[in-house]
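Let's take a walk through the charged side chains here and see who pairs with whom. Have the structure open as you read.

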Amino acid sequence: MDTDRILAERAEIDASVEGLNLGHVLRRNAEHWGDRPAVSWKDGVWRTLTWRGYRDRVAEAAMGLASLGVGPGDFVGIMARNRAEHLIADLGAVHAGATAVSLYNTLAPEQIQYIAAHCSAKVAVVENRELMERWEKVRAELPALEHVVLIDDAEGFAGYEWVLSWEDLM
């Protein structure tokens with residue numbers, strides 16, 4: 001291995017990304033490859049978001065989270081399977097200045113409570129009723145948690161002031 005060559009290449013890469021963050025990269029990709037596929041998933045049928053659509057959905061999520069009071073220094077818990085909304089919520093939190101914290105779908109309520117309390121999650125984005133029931137069991141032990149956004153099954157929690165649907169967030 002040529003150490004000097006490797007160090008020079010590393011310095012070139014570092015210089016090319018200096019000052020950039022995920023927001024810059026998403027904007028650049030939307031500007032350069034706006035109509036090209038960015039994210040594809042199968043939900044019965046194949047669906048695709050273009051780079052422009054992805055950027056727009058992330059911006060909507062960021063604005064929705066900001067409307068809930070999420071900003072720099074806050075944490076957003078995300079408990080959802082591998083789906084587009086998970087990616088959008090994650091980057092939406094980052095764009096709002098917050099830190100996204102992904103939680104495994106297999107966690108028990110006590111484990112959810114430990115992680116969400118430890119980071120003082122202000123908002124949680126949760127996939128469905130099954131996962132929401134685990135959060136509900138420990139809600140009283142999460143004083144920082146102000147809202148839960150349900151991607152699916154929100155109609156079952158319509159009477160809960162602290163629960164809103166993904167569509168309402170967006």
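What follows is a short tour of the salt bridges in this predicted model.

## The overall picture

How many salt bridges does the structure hold? The count comes to 14. Some of the residues involved are joined up: Arg 81, Arg 83, Glu 85, Glu 127 and Asp 152 are linked in a salt-bridge network.

## Inside the network

Let's pick out one pair from that group. Arg 83 bridges to Glu 85, and their closest N and O atoms sit 2.7 Å apart. Is Arg 83 buried or exposed? Arg 83 counts as buried, because its relative accessibility is 17% and the cut-off for buried is under 20%.

## Two pairs along helix α6

Now over to helix α6, which covers residues 129-138. Glu 133 makes a salt bridge with Arg 129, with 3.5 Å between the closest N and O atoms. These two are four residues apart in the helix, so about one helical turn separates them. Both ends have some exposure: Glu 133 is partly exposed at 35% relative accessibility, and Arg 129 is partly exposed with a relative accessible area of 34%.

Arg 134 and Glu 130 are also four residues apart in helix α6, about one turn of the helix. They form a salt bridge too, and here the closest N and O atoms are 3.1 Å apart. The two partners fall into separate classes: Arg 134 counts as buried at 16% relative accessibility, whereas Glu 130 counts as partly exposed at 44%.

Definitions and conventions: Residues are numbered from 1 along each chain as its sequence is written. This is a predicted model: local features need pLDDT of at least 70, side-chain atom pairs count only at pLDDT 80 or more; totals for chains, interfaces and linings use all residues. Side-chain values use heavy atoms; hydrogens and water are left out. A salt bridge is a side-chain nitrogen of Lys or Arg within 4 Å of a carboxyl oxygen of Asp or Glu. Buried means under 20% relative accessible area, exposed over 50%, partly exposed in between (1.4 Å probe, protein chains only).
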